[in-house]
Amino acid sequence: MAKISLKVNGKAVSAEVEGRTLLVELLREKLGLTGTHVGCDTSQCGACVVHVNGDSVKSCTMLAVQAEGAEITTIEGLAAADGTLHPMQAMFREHHALQCGFCTPGMVMSAIDIVQKHPAGLSEAQIREELEGNLCRCTGYHNIVKAIAAAFPLMHQKHAA
Amino acid sequence: MYDFAYQKPASVADAVKLLATGPEAKVIAGGQTFIPVLKQRLNKPSSVVDLAGLGLSGISVSGNTLTIGAMTTHATVARSAEVKKAIPGLAMLASWIGDNQVRHRGTIGGSLANNDPSACYPAAVLALGAVVKTNKRAIKADDFFQGMFTTALEPDEIITAVEFPLPVEKSAYEKFRQPASRYAMVGVFVAKGPAGVRVAVTGAGQNGVFRVPEMEAALAKSWSADAIAGVKVSPEGLNSDIHGSAAYRAHLITVMARRAVAAAG
């Protein structure tokens, strides 16, 4: 067992983990942040995507000990304290970008990273390409792509302000 | 996953010492292949030595060499202005590995040390005549890759960086993805640089990455997609599976090579 310290959604946390403990296990089982899902557990589906130091990462394919000192953001860390949704969450709701909802947390986390990494603009084709690491088995991609395109100006406007 | 002792040394020398403690001590770089392998219990390490604390990440150009640190992620290579300028085909290749999330963790050193027969990086390293630097020596690409999942690396040897000779006049990579896994069924890197004109193929060969001398000779005479249109690659030694026969892959090699030459301009 190793003791690790990291920041999750802005809060300092520490935990005892085994070498083999996955980041997603730490988040879900030790910290109770069950918004991050485990879909395939084989690095394919992206339901477990979180941000590690600002980059989207599959938390089922990273050891918890590797997150020592890192800043993690999960789906629970997006909305403001008063409940105001992150623009990406708001646009997912607005455009009904979910069916069963299982892939949604990972989709939202990936989508935010995609928009942040492309400040100059994003075409529909680019959004579809960039979403390669996230699978929606309801095949609800069309509205997800619409939601991301709609969130783009909101997110960059906010940054500019 | 079996449990193991996790270690994160702060120097290459310490990492080598930890690896020398036993044959079951394994290295983790980005972990994008290794963690899935551990999950399947295909490997039972006594300890896992993380290279993330060794300062092996970074990209620099000095004189006629582009150096990429072993722990540099695919995303960093793909976005690097220096790589895009010096060897555009290499940035292109990095931007197509896995998906965004894999590219944020996966590293060039990890890809090369693993030498998966479908990995993309070996094609670039071989085609560009790069040199793999380790804690012990410098290994030429031609000597480094020794068959499926096999390299010249010794058990306590760690890749520290990869050096690409410059100037590279032309470079491009094209791959035909297996539709579900998205791994390269056939990936071809073409290059014209200090190592000459080279064509390296990944994904297709039973023994991993290999060069195609007939194409290299044809392209050295005339750099054009038409110059290699008539080159027939032998299906002997190529993979044959439910995704495609050896003959299909042999045909794809010429198709992908032509596309790569056209993309390189």
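Read from the N terminus, chain A lays out its elements as β-β-α-β-β-β-α-α-α-α. That makes five helices and five strands. With a radius of gyration of 15 Å, close to the 15 Å that the globule rule gives for 161 residues, chain A is as compact as a globular protein of that length. Keep in mind as we go that this is a predicted model. The predictor gives the complex an ipTM of 0.95 and a pTM of 0.96.

Let's stay with chain A for a moment. Lay its C-alpha trace along the principal axes and you get spans of about 45 × 35 × 25 Å. Of its 161 residues, 43% count as buried. If you like contact maps, here's a handy number: among the contacts in chain A between residues at least 6 apart in sequence, 62% join residues at least 24 apart.

For a local view, go to helix α2 of chain A, residues 87-94. The buried residues there are A:Pro87, A:Met88, A:Gln89, A:Met91 and A:Phe92. An α-helix has 3.6 residues a turn, so residues three or four places apart point the same way. Just after α2(A) comes A:His96, with a positive phi of about 50°.

Now for the place where the chains meet. The contact draws 22 residues from chain A and 19 residues from chain B. On the chain A side, β4 (55-58) and α3 (104-117) each supply at least two of the residues that touch chain B. Of the elements on that side, β4(A) gives the most, with four residues.

Cross over to chain B and the confidence numbers come along nicely: the mean pLDDT is 96, and 100% of the residues reach 70 or more. Chain B is divided into domain 1 (1-50) and domain 2 (170-264). Taken over C-alpha atoms, the centres of these two domains of chain B are 34 Å apart.

Outside those two ranges you can pick up an open sheet of chain B, with five strands in the order β4-β5-β8-β6-β7 and antiparallel pairing. β4 (59-62) and β7 (138-140) of chain B stand at the edges with a single partner strand each, so one side of each is left without a neighbour in the sheet. On average, neighbouring strands of this sheet are turned by 25° against each other, direction ignored.

Follow the β4 edge inwards. Strand β5 of chain B (residues 65-69) runs antiparallel to β4(B), and four bridges join the two. Within this pair, B:Ile59 stands opposite B:Ile68 of β5(B). In a regular strand the side chains alternate between the two faces of the sheet.

One residue of β5 in chain B deserves a stop: B:Thr67. It has 19 other C-beta atoms within 10 Å, so it counts as partly exposed, since burial takes 20 or more. Leaving out residues up to four places away in sequence, B:Thr67 touches B:Ser60, B:Ser62, B:Ala161 and B:Glu163. Look at B:Glu163 in that list: B:Thr67 and B:Glu163 are 96 residues apart along the chain, yet their C-alpha atoms are separated by 4.5 Å.

Next, jump to strand β9 of chain B (residues 170-177), which is mostly covered, with six of its eight residues buried. β9(B) pairs with strand β10 of chain B (residues 184-193) in the antiparallel sense, over eight bridges. One bridge you can check on screen links B:Ser171 to B:Ala191 in β10(B). The two strands, β9(B) and β10(B), form a hairpin with six residues between them, and B:Arg182 in the turn has a positive phi of about 70°.

Finish at helix α11 of chain B (residues 246-264), where you'll find B:Ala257. What makes B:Ala257 count as buried? There are 28 C-beta neighbours inside 10 Å of B:Ala257, so it passes as buried. Not counting residues up to four places away in sequence, B:Ala257 touches B:Val188, B:Val190, B:Val199, B:Met215 and B:Ile228. Here is another link across the sequence to look at: B:Ala257 and B:Gly187 are 70 residues apart along the chain, with 8.4 Å between their C-alpha atoms.

Terms used:
Residues numbered from 1 in each chain as written. Chains lettered and ligands numbered in written order. Predicted model: local features only at pLDDT ≥ 70, side-chain atom pairs only at ≥ 80, totals over all residues. Rg over C-alpha atoms; globule rule 2.2 N^0.38 Å. Buried ≥ 20, exposed ≤ 12 C-beta atoms within 10 Å, placed from the backbone. Contact = placed C-beta atoms within 7 Å. Pairing = 2+ DSSP bridges. Axes fitted to C-alpha atoms, helices over the stretch in contact; angles between N-to-C directions. pLDDT = per-residue confidence, 0-100. Domains from an automatic or database assignment.
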